[in-house]
Amino acid sequence: MWAEIVGAFLGVSVLLYCLLGGADFGAGILELFRGRNLRDKQQELISHAMGPVWEANHMWLVLAVVILFNGFPKAYAAMAVHFHIPLTLMLLGVILRGCAFTFRSYDAIRDRSQRYYTGVFMIASVLTPLMLGVVAGAMFLGRVPAPGSGFMASYVSPWLNLFSFSVGLLTCVLFAFLAAVYLVGEAHTEELAKLFSKRARAMNIVAVFSGAFVFLSAHLDGMSLSQRFASDPISLSCMALATLILIPLWRCLHRRHARAARFFAALQVSLILLGWVKVQFPVFLPRLTIYDAAAPEATLRFLSGGLIVGIAIIFPALFFLLRVFKGQRG
Amino acid sequence: MTDLTAARSQMGISLGFHIIFAAIGVAMPFLMAISHWRWLKTKEQVYLDLTETWSKGVAIFFATGAVSGTVLSFELGLLWPKFMEHAGAIIGMPFSWEGTAFFLEAIALGIFLYGWKRVKPWVHWGSGLVIGISGALSALFVVCANGWMNSPAGFDWVNGQAVNIDPWAAMFNRSALNEGLHMVIAAFAATGFAAAGLHAIGLLRNPKSVFHRKALEIAVVIGAVAAVLQPLQGDRLAKDVAVLQPPKLAAMEGLFKTEQPAALTLGGIPSEEDQTVRYGLRIPRLLSFLAHDDIHSEVVGLDQVPRENWPPVLVVHEAFDLMVGLGSLLAAVGATALFFFFRKREYLVHPRFLKTLVFCAPLGFIAIEAGWLVTEMGRQPWIIYGVMKTQDAVTPMPGLIYPMTLFSTVYLFLAFVVAWLMRRQFRHVG
């Protein structure tokens with residue numbers, strides 16, 4: 001039971017990281033698509049929207065890692081061994097994105113260097129979600145060889161495959177989609193709201209195609225993903241609901257109901273993640289379920305207690321932060 | 001370079017980079033909060049300018065510290081999976097507490113940096129204080145985990161598996177508190193002196209600047225109080241080490257042979273082959289007193305430790321003497337600064353004293369790096385003292401020189417950019 005409770009905390013942290021931190025990466029991805037004459041205004045809006053919250057949003061990742069290595073140390077160790085390379089690349093993105101964004105905001109002198117910060121910011125904003133998705137895909141695929149296999153089999157093939165990268169692509173698209181929807185509500189001029197509303201719909205369409213591509217590449221990589229989804233009623237209903245939500249979501253985007261659109265977008269991404277995790281549950285990696293990987297009960301009890309206290313402190317503070325900076329407009 | 005050496009170098013470089021930003025992230029918010037408090041009380045414009053200037057520094061240092069800290073939480077597993085597989089369950093608790101404190105810090109930072117006109121002035125001030133308090137708490141928590149590596153507790157090691165795990169006993173191991181306090185005090189001393197040194201440069205260039213003068217007064221007092229306290233705390237910690245990790249203490253002091261009473265060897269060059277320290281200054285009985293509070297006591301030397309379990313004596317001894325030397329110097333300058341501050345305020349900005357402060361600016365950080373070298377190198381060859389060796393914890397993945405090179409390059413580059421940004425910040429203010 002304790003393994004499931006701590007597993008739920010881990011799941012919630014990952015979900016909130018995707019919904020909040022993911023959108024910050026998505027904003028960086030959106031900067032790659034520069035509107036012809038709105039480039040500076042778009043960049044200013046994104047900096048303004050991310051500034052107060054991105055560091056708090058990033059903390060969900062830190063929390064997720066801590067829960068993983070405290071609660072499921074064997075899973076953490078196995079992932080760190082086999083996914084060393086994509087995780088290292090993801091971290092590179094984390095460092096460069098955070099630093100470039102901060103330097104861009106706080107450099108006392110505004111000159112040509114702003115262009116370099118923005119360039120690094122955009123590239124790093126793609127790298128991190130791509131690698132995050134690659135790792136998620138590789139976990140799902142579960143191509144972890146027996147100990148003693150060669151370098152390629154142990155450290156490269158588990159993640160360097162079409163399926164893992166198709167999940168990476170889907171992650172990037174979903175994060176960019178979330179960012180676009182959130183930014184509709186942040187926009188203070190009609191033209192920016194229109195721009196992001198258009199981007200949100202475009203990203204939504206791309207997301208549907210990327211999702212289909214994930215299923216196709218699973219098939220090409222010899223895994224019947226559709227069958228695994230079809231045989232799990234909860235996952236199947238999650239996917240069905242996520243598809244149905246397209247209708248109210250588009251209506252809200254069309255009518256500029258920013259808050260409702262945010263809600264539906266976040267719900268849609270949550271359903272996709274939930275359906276995904278449900279198919280995978282309770283397996284981290286082959287031969288390693290959450291029950292195998294779980295720490296002894298004493299650890300899990302202390303961890304759960306600590307997390308409940310921690311959340312009782314964090315949530316009011318986070319609520320205050322979001323009310324101050326995200327409350328007025330929208 | 002072997003994979004083990006590469007992994008250790010990468011961990012060392014990552015920690016060495018992170019600790020500078022983490023230390024500034026702990027202490028700088030307090031400096032900022034003092035200046036902010038003076039602004040709210042006196043409404044003197046100079047304090048508002050100072051708060052804003054310092055808060056920009058905090059923003060840059062916090063972000064760099066936060067991302068490099070995230071990297072570390074992954075590197076523990078990427079480089080030392082066998083260690084984390086066992087240690088994760090035992091010592092994860094302080095990390096989860098640290099995560100909570102760190103989270104609160106990030107939220108408070110967002111409110112402080114962007115809340116100037118959006119929240120009530122005293123709530124705003126409070127958010128600045130919360131950054132500092134949660135920063136100090138997360139430093140204490142995370143050092144608990146390091147203390148556990150030095151004096152493992154809260155489990156039984158049976159056939160290569162940890163059983164009877166007690167996370168509470170593990171977190172509050174015997175090294176935790178004194179090591180944590182040593183680090184937090186060091187953060188205040190190093191940051192205070194660094195800030196004082198920078199504003200001393202400003203005052204040397206522009207002696208009439210009220211801005212730099214007020215900044216220097218706040219920074220030097222914080223740095224000086226910490227620097228004066230640090231030798232007392234360091235002595236308590238060394239007494240812990242003497243009991244909990246005799247080989248580390250022996251390496252720190254270059255003590256090859258067990259002595260009773262034991263002499264203290266200052267400086268010199270220890271040679272593991274000859275088992276002597278050449279050119280060192282020996283002070284009879286002092287080590288007995290420092291280690292055990294008794295001038296007649298026995299101090300265990302490396303002769304009682306199997307040769308394969310020796311830490312690298314040369315590095316540990318030199319790093320330790322460097323740390324103690326710099327710490328003593330800062331304590332002396334700090335005591336002088338406090339005397340000037342309370343008795344002869346005008347001497348505080350005397351050019352000769354300002355030049356001393358400029359000289360002292362980087363010393364606290366050098367001492368911090370040296371101190372971490374002592375504690376980490378002094379524990380070798382163990383990753384968990386007496387339980388697991390570092391060479392058994394390293395990842396089986398070959399080619400670790402590549403990530404090591406990657407992270408070294410990135411951190412070197414970032415260090416350069418941050419220094420350049422600070423210069424630009426400084427020129428902008430001047």
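Two residues are said to be in contact if their C-beta atoms, placed from the backbone, lie within 7 Å. With that criterion, and leaving aside its neighbours within four places in sequence, A:Leu178 is in contact with A:Leu19, A:Gly22, A:Ala23, A:Gly26, A:Ala265 and A:Val269.

The model is predicted: local features need pLDDT of at least 70 and side-chain atom pairs count only at pLDDT 80 or more, whereas totals for chains, interfaces and linings use all residues. Residues are numbered from 1 along each chain as its sequence is written, with chains lettered from A and ligands numbered from 1 in the order in which they are written.

A:Leu178 also appears, with A:Phe177, B:Ala23 and B:Leu31, among the residues with the most contacts inside the largest nonpolar core, which has 277 residues. Such a core is a set of buried Ala, Val, Leu, Ile, Met, Phe, Trp, Tyr and Cys residues joined through C-beta atoms within 7 Å; buried denotes 20 or more other C-beta atoms within 10 Å of a residue's own, again placed from the backbone. H3(B) supplies the largest share of this core, 20 residues.

Let us turn to that helix. Helices here are DSSP runs of H or I, at least four residues, numbered from the N terminus. In H3(B), 32 of 34 residues are buried. The helix has a kink of about 70 degrees centred on B:Gly88, the bend being the angle between axes fitted to the seven residues ending there and the seven starting there.

Finally, the interface: 55 residues of chain B are in contact with 53 residues of chain A. H3(B) gives the most to chain B's side, with 22 residues.

Methods:
Helix = DSSP H or I, 4+ residues; strand = E, 2+ residues; numbered from the N terminus. Buried ≥ 20, exposed ≤ 12 C-beta atoms within 10 Å, placed from the backbone.
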